[in-house]
Every structure is written in structure tokens, then in C-alpha cells.
Amino acid sequence: MQAETEQAQVQQPIRLDVKVATFDDVKAAFGAGLRDFTRRPMLSMFFGLVYALFGALLVAGFAVFDQFWMVVAVGVGFPLVAPFLAAGLYEMSRRLKSTDSFSATDIFLVIFRQQRREFGWMAFVVLFVFWIWAYQVRLIFAITLNFQGFRSLEHLFQNLLTTGDGLVFLAVGSAVGAVLSTILFSITVIAMPLLLDKNVDFVTAMITSVKSVLASPFVMLCWGAAVGALALAAIAPLFVGVIFVFPVLGHASWHLYESLISEK
């Protein structure tokens with residue numbers, strides 16, 4: 001009965017207004033995200049820890065298989081779990097703004113309920129883009145490096161950074177990754193928090209997200225680049241930084257969404 005009620009609510013049209021983003025909006029969102037992290041650090045870091053563990057599992061696959069494209073099987077859950085973990089951070093920020101008291105159980109229940117809403121479809125879209133990227137990596141690797149094996153991660157990085165074929169792989173892979181990352185960022189940056197906050201379908205959420213990027217492409221793409229740079233920096237120290245960076249970015253994304261999207 002509850003599922004039918006939620007489905008009926010999703011079908012009700014909601015008119016959304018997209019505001020042009022400024023760097024002040026991004027700065028304010030990041031500051032608010034940092035404040036939310038400091039107000040509930042343990043729960044925030046829990047979500048960061050879970051995400052870091054998935055990343056560590058992915059890296060472990062490098063050592064186990066010695067063939068990095070095979071790590072795709074291990075990494076399937078990495079993008080799939082991210083939207084649901086982010087949902088918990090969004091809900092925390094939403095409640096902190098209204099100074100509502102809440103427990104970890106309250107947040108976990110919100111995450112669980114997203115399975116019956118459009119959030120699951122958004123997770124599928126993320127996973128689909130991830131699989132496209134994985135196959136592109138495999139194809140580029142086959143063309144440039146002929147599927148050659150590597151004794152260790154050090155051997156892999158040495159070949160990538162000191163040989164012509166390795167540098168071609170990095171250049172082409174980075175270009176393809178940049179395109180796919182931009183697409184994924186554009187369809188999800190606003191869609192994720194919007195699906196949690198409003199009763200809209202995932203297609204409407206993605207369209208609204210793309211509109212927000214097109215409304216202020218330079219600012220939004222700079223935000224996306226900053227997110228990517230911070231994520232890479234967080235991964236470098238054995239994923240320890242992810243425990244802190246992921247929740248701060250999750251909280252900040254919620255506040256950026258709030259500043260850009262409103263109902264007409």
C-alpha cells in the first residue's frame with residue numbers, strides 16, 4: 001500500500017527552477033558540507049569508511065590477479081554503492097539544517113527506503129556508465145599494450161610512465177575517462193539529492209541535473225574537476241583520505257543542490 005502511494009506521488013508533476021551557479025555558491029556549499037561533517041563526524045566518517053573499503057578491495061584485486069582489467073569484477077559494487085551511501089549524507093545534511101535530532105538508525109532507514117524509490121534506477125545508470133568505462137579500458141589496453149602481463153603494481157606503473165605505449169594508453173584513457181566522467185557528473189550532480197528530496201522520476205532528475213550544468217557550465221565543471229582532484233588526493237594515501245573527503249563532498253553536494261534547485 002505504501003509503495004502504491006509513493007508511486008502515485010512520483011507521478012504528480014513538479015515544476016523545478018534551476019538557478020545559475022556562481023563560485024560563491026560552490027564556496028558556501030563546501031563550507032556548509034565541512035560544518036555538517038564536524039557536527040556529526042563519526043556517522044559521516046562511517047560512510048567514508050565503507051566507501052574506502054570498497055576502494056581498498058579494488059586495489060587488492062590488482063595484487064591478486066596481476067591483470068588490472070580483471071579487477072572490474074571486484075569493482076562492480078564500487079559505483080553501485082556510492083549513490084546509497086551519498087543518500088545517507090544528504091539526509092544528514094537535510095536534518096542538520098532543521099536542527100532535527102536523529103540517530104544512525106534513522107539515516108540507515110532512509111537509505112533502505114531508497115530501494116523502493118527511483119534512487120535504485122539512478123544507481124543502475126551509474127553502474128551502466130561504469131561498465132562502459134571498464135570495457136573502454138580493456139579495449140584501449142588491448143590496443144596499446146597487447147594485454148601484456150605485469151609482475152607487480154610497480155612493474156605496471158613503470159611501463160605506463162616510461163614507455164611510449166604506456167604513455168599512449170594513459171593519454172587515450174584519460175581522454176575517454178574525461179568524457180565519460182563529464183557525462184556521469186552532468187547527469188548525477190543534481191539528480192542524486194533531488195531524488196532524495198522530491199518525488200520525481202529518475203529521468204526528470206537527470207534532465208534537471210543536465211540543465212543545471214548547462215545553465216552555468218564553467219562553474220559546475222570546475223566543481224566537478226575539484227571533486228575529482230580531491231577524490232584522487234584522498235585515494236593516494238591508501239584510501240585513508242576517502243574516509244574524510246567522501247562525506248565532506250557528500251554534504252557539500254547536498255547544499256549545492258539546495259542553492260540551485262527550487263520548486264516554482
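Seven is the number to start with: the count for this predicted model comes to 7 salt bridges. Several of them hang together, since E91, R94, R95, D197, K198 and E263 are linked in a network of salt bridges.

One link in that network joins E91 to R94, with the closest N and O atoms 2.5 Å apart. Both residues sit in helix α5, 3 residues apart, or about one turn of the helix. As a general point, an α-helix has 3.6 residues a turn, so residues three or four places apart point the same way. The two partners differ in cover, though: E91 counts as buried because its relative accessibility is 4%, under the 20% cut-off. R94, with a relative accessible area of 27%, is partly exposed.

R94 also has a partner elsewhere in the chain. Its side chain meets that of D197 in a salt bridge, at 3.1 Å from N to O. D197 belongs to helix α10 and R94 to helix α5, so this pair ties together parts that are 103 residues apart in sequence. D197 is partly exposed too, with a relative accessible area of 27%. From D197 the network carries on to K198, where the closest N and O atoms of the salt bridge are 3.8 Å apart. K198 comes in at 17% relative accessibility and therefore counts as buried.

Stepping back to the whole chain, the secondary structure comes to 13 helices and 2 strands. Of the 264 residues, 44% count as buried. Among contacts with a separation of 6 or more, 77% are between residues 24 or more positions apart. The accessible surface comes to about 13,600 Å², and 68% of that belongs to carbon and sulfur atoms.

Next comes the nonpolar interior. The largest nonpolar core has 36 residues, and L194, M220 and W223 touch the most other members. Helices α2 (23-39), α5 (77-97), α7 (119-145), α9 (164-188), α10 (191-197), α11 (202-215), α12 (217-235) and α13 each supply at least two residues of this core. The top contributor is α13, which gives 6 residues. Apart from this core lies another, of 21 residues, with F37, Y51, A52 and L85 among them.

Helix α13 itself covers residues 242-260, which makes 19 residues. From its first C-alpha to its last it reaches 26 Å, close to the 27 Å expected at 1.5 Å a residue. Most of the helix is covered, with 15 of its 19 residues buried.

W223, one of the three residues that touch the most other members of the largest core, has a long list of partners. Leaving out residues up to four places away in sequence, W223 touches V26, F30, F185, V189, L249, A252, S253 and L256.

V219 is a residue of helix α12. With a relative accessible area of 9%, V219 is buried. Beyond residues up to four places away in sequence, V219 touches A21, T22, F23 and V26. The C-alpha atoms of V219 and D25 are separated by 9.4 Å, although the two residues are 194 residues apart along the chain.

Over in helix α9 there is S186, which is buried at a relative accessible area of 13%. Setting aside neighbours within four places in sequence, S186 is in contact with M206, S209, V210 and V213.

Finally, the outside of the model has a greasy spot of its own. W121, F124, F128 and I132 make a nonpolar surface patch of about 430 Å². W121 is found in helix α7, and this tryptophan is partly exposed, with a relative accessible area of 49%. Helix α7 also faces the other side of the story, as one of the helices that supply at least two residues of the largest nonpolar core.

Notes:
Residues numbered from 1 in each chain as written. Predicted model: local features only at pLDDT ≥ 70, side-chain atom pairs only at ≥ 80, totals over all residues. Heavy atoms only, no water. Helix = DSSP H or I, 4+ residues; strand = E, 2+ residues; numbered from the N terminus. Expected span 1.5 Å × (residues − 1). Buried < 20%, exposed > 50% of the residue type's maximum accessible area, 1.4 Å probe, protein only. Core = buried A, V, L, I, M, F, W, Y, C linked by side-chain atoms within 4.5 Å. Contact = heavy atoms within 4.5 Å. Patch = residues over 30% accessible without salt bridge, like charges linked within 9 Å, V, L, I, M, F, W, Y side chains within 5 Å. Areas by Shrake-Rupley, 256 points an atom, 1.4 Å probe, with all protein chains shown as cover. Salt bridge = Lys/Arg side-chain N within 4 Å of Asp/Glu carboxyl O.
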